[in-house]
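Welcome, and please load the model in your viewer. We will go from one selection to the next, with a few words on what is there at every stop.

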Amino acid sequence: MAKFDRLKQITDQLLSQGNSEIVDSAFSESYVAHSGDKNHKGHAFIKQFIKQLRTAIPDLKIVKIEVLAQSENLITWQRTLSGTHKAALKGIPASHKKIKWYEMVVTRFEGDKIAEEWLISDLAFQMMLKLK
């Protein structure tokens with residue numbers, strides 16, 4: 001399976017379906033996510049984050065995925081997501097409104113597993129805007 005097809009499948013399983021069982025087979029044990037000045041590591045982080053995100057936005061949908069650049073083991077891509085903010089997330093109270101946000105991701109593979117990602121997201125900003 002091509003890396004981008006695998007990436008789309010993993011993203012759909014995690015975000016749209018909330019299937020955290022895929023984490024062990026899709027991500028390396030030494031997985032690291034870089035977001036701003038923070039580094040998050042391991043399978044437990046991914047599973048906890050997906051649970052929190054899907055609790056806050058239970059109807060989460062992937063609107064669009066677009067590849068910006070790709071090499072043998074690196075994919076730079078953008079995803080557009082949407083859903084209804086129904087529960088607090090990272091201290092931001094639920095607005096009960098629909099939100100749409102964008103994320104830029106650079107994903108590095110080791111073999112067929114995701115080993116490292118760099119992520120920029122405007123989710124928090126979009127949630128804050130809906131509180132007004």
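Three words on accessibility come first: a residue is buried when its relative accessible area is under 20%, exposed when that area is over 50%, and partly exposed in between, using a 1.4 Å probe and protein chains only. What you have open is a predicted model, in which local features need pLDDT of at least 70 and side-chain atom pairs count only at pLDDT 80 or more, while totals for chains, interfaces and linings use all residues. Residues are numbered from 1 along each chain as its sequence is written, and side-chain values use heavy atoms, leaving out hydrogens and water.

**Stop one: Lys64 and Glu66**

Select Lys64, which is partly exposed at a relative accessible area of 46%. Add Glu66, also partly exposed, at 35%. The two form a salt bridge (a side-chain nitrogen of Lys or Arg within 4 Å of a carboxyl oxygen of Asp or Glu), with their closest N and O atoms 3.8 Å apart. Side chains of opposite charge can pair when their charged atoms come close. The structure holds six salt bridges.

**Stop two: Arg79 and Glu103**

Now pick Arg79 and Glu103, whose salt bridge has its closest N and O atoms 2.5 Å apart. Arg79 lies in strand E4 and Glu103 in strand E5, so this pair ties together parts 24 residues apart in sequence. Elements here are DSSP runs numbered from the N terminus: helices are H or I with at least four residues, strands E with at least two. Are these partners buried or exposed? Arg79 counts as buried at 13% relative accessibility, and Glu103 counts as buried at 7%.

**Stop three: the largest pocket**

Keep Glu103 selected and add Ser35, Phe45, Phe49 and Leu119: these five lie nearest the centre of the largest pocket, which 37 residues line. A pocket is an open set of points on a 1 Å grid over the protein atoms alone, where a 1.4 Å probe fits, with protein on both sides within 12 Å along at least five of seven lines; lining residues have an atom within 4 Å of a point. About 850 Å³ of space lies inside, a volume being the space filled by probe spheres set on the points. Which element gives the most to the lining? Colour H3, with seven residues.

**Last stop: Arg108 and Glu116**

Finish with Arg108 and Glu116, whose side chains meet in a salt bridge at 3.0 Å, N to O. Arg108 is partly exposed at 25%, whereas Glu116 is buried at 16%. Add Glu110 to see the network that salt bridges with shared partners make of Arg108, Glu110 and Glu116.
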